[in-house]
Amino acid sequence: MGRFDCPVHGAAPMGIVCDHIQESIHSREKIDPVTRATFIDHDHPDYGGTRHLFYCKTCSSDYGLPPQNHEFTMDRYSEVYKLGFIPVCWKCFAQLTNL
Ligand SMILES: [Zn+2]
Ligand SMILES: [Zn+2]
């Protein structure tokens, strides 16, 4: 997990979310239930192992992503990331969701 320089929290852990969730964080709005996509790096289990992307219902229906928490292999990561994911402050994200 990388670091994010948050205007509220300072240096904080980073989360990666869809642009809709990022908008909600930006305007400090409550975030609707989110889906977690877990990407598993089977080739490099000791190099971080997994990465996570979080997205909303809109993304799920617009991009055909699974509506429930889901595991992908790491080779799908950049393809999904390119749909419009953005790093955010993990603490802000956690505050505005029920994680
Ligand atoms: Zn979204
Ligand atoms: Zn923050």
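**View 1. Pro-66, an exposed residue in a loop of this predicted model.**
Pro-66 counts as exposed because 12 C-beta neighbours lie inside 10 Å, and a residue with 12 or fewer is called exposed. Look for Pro-66 in the loop between helix 2 (57-63) and strand 5. Leaving aside neighbours within four places in sequence, Pro-66 is in contact with Thr-35 and Ser-60. Ser-78 is twelve residues from Pro-66 along the chain, and the C-alpha atoms of the two are separated by 17 Å.

**View 2. The whole protein chain, with its four helices and six strands.**
Welcome to the overall picture. Following the sequence from its start, you meet the elements in the pattern β-β-α-β-β-α-β-α-β-α. The C-alpha trace spans about 35 × 30 × 20 Å along its principal axes. How does the radius of gyration fit a compact globule? A compact globule of 99 residues would have a radius of gyration near 13 Å, and the protein chain, at 13 Å, agrees with that. Buried residues account for 24% of the 99 residues. Among contacts between residues at least 6 apart in sequence, 67% join residues at least 24 apart.

**View 3. Confidence along the predicted chain.**
The mean pLDDT of the protein chain is 92, and 92% of its residues reach 70 or more. Which elements have the lowest and the highest confidence? Confidence is lowest in strand 1 (residues 3-6), with a mean of 93, and highest in strand 6, at 97.

**View 4. Strand 3 and its two pairing partners, strand 4 and strand 5.**
Strand 3 and strand 4 run antiparallel and are joined by six bridges. In this pairing, Thr-35 stands opposite Tyr-55 in strand 4. With strand 5 (residues 70-73), strand 3 pairs in the parallel sense, over four bridges. Here Ala-37 is the residue that stands opposite His-70 in strand 5. Thr-35 also links this view to the opening one, as Thr-35 is in contact with Pro-66.

**View 5. The largest nonpolar core, made of 21 residues.**
Which residues touch the most other members of this core? They are Val-17, Cys-18, Ile-21, Tyr-55, Val-88 and Phe-93. Several elements give two or more residues to the core: strand 2 (10-18), helix 1 (19-26), strand 3 (35-40), strand 4 (50-55), strand 6 (85-89) and helix 4 (90-96). As a general background, nonpolar side chains in soluble globular proteins tend to be buried together. Val-17 is a good place to begin exploring. Not counting residues up to four places away in sequence, Val-17 touches Gln-22, Phe-54, Phe-85, Ile-86, Val-88 and Phe-93.

**View 6. Helix 1 and its buried side.**
Which residues of helix 1 are buried? They are Ile-21, Gln-22, Ser-24 and Ile-25. These residues cover an arc of only 160° around the axis, so they sit on the same side of helix 1. The buried residues of helix 1 pack against strand 2, strand 4, strand 6 and helix 4.

**View 7. Arg-28, in the loop between helix 1 and strand 3.**
Beyond helix 1 comes Arg-28, with a positive phi. Arg-28 has this positive phi, about 55°, although it is not a glycine. Is Arg-28 buried or exposed? Arg-28 counts as exposed, because it has 10 C-beta neighbours inside 10 Å.

**View 8. Asp-19 of helix 1 beside Phe-85 of strand 6.**
Asp-19 and Phe-85 are 66 residues apart along the chain, and their C-alpha atoms are separated by 5.9 Å. Asp-19 is partly exposed because 16 other C-beta atoms lie within 10 Å. Phe-85, with 20 other C-beta atoms within 10 Å, is buried; a residue needs 20 or more to be called so. Which residues does Asp-19 touch, not counting residues up to four places away in sequence? Asp-19 touches Gly-84 and Ile-86. On the same terms, Phe-85 touches Ile-16, Val-17, Cys-18 and Leu-53. Gln-22 can be placed in this picture too: 63 residues separate Gln-22 from Phe-85 along the chain, and their C-alpha atoms are separated by 8.6 Å.

Note on methods. Residues are numbered from 1 along each chain as its sequence is written. Chains are lettered from A and ligands numbered from 1 in the order in which they are written. This is a predicted model: local features need pLDDT of at least 70, side-chain atom pairs count only at pLDDT 80 or more; totals for chains, interfaces and linings use all residues. A nonpolar core is a set of buried Ala, Val, Leu, Ile, Met, Phe, Trp, Tyr and Cys residues joined through C-beta atoms within 7 Å. Two residues are in contact if their C-beta atoms, placed from the backbone, lie within 7 Å. Two strands pair if DSSP finds at least two bridges between them. The radius of gyration is taken over C-alpha atoms; the globule rule is 2.2 Å times the number of residues to the power 0.38. The arc is that of the directions from the helix axis to the C-beta atoms. pLDDT is the predictor's confidence in each residue, from 0 to 100.
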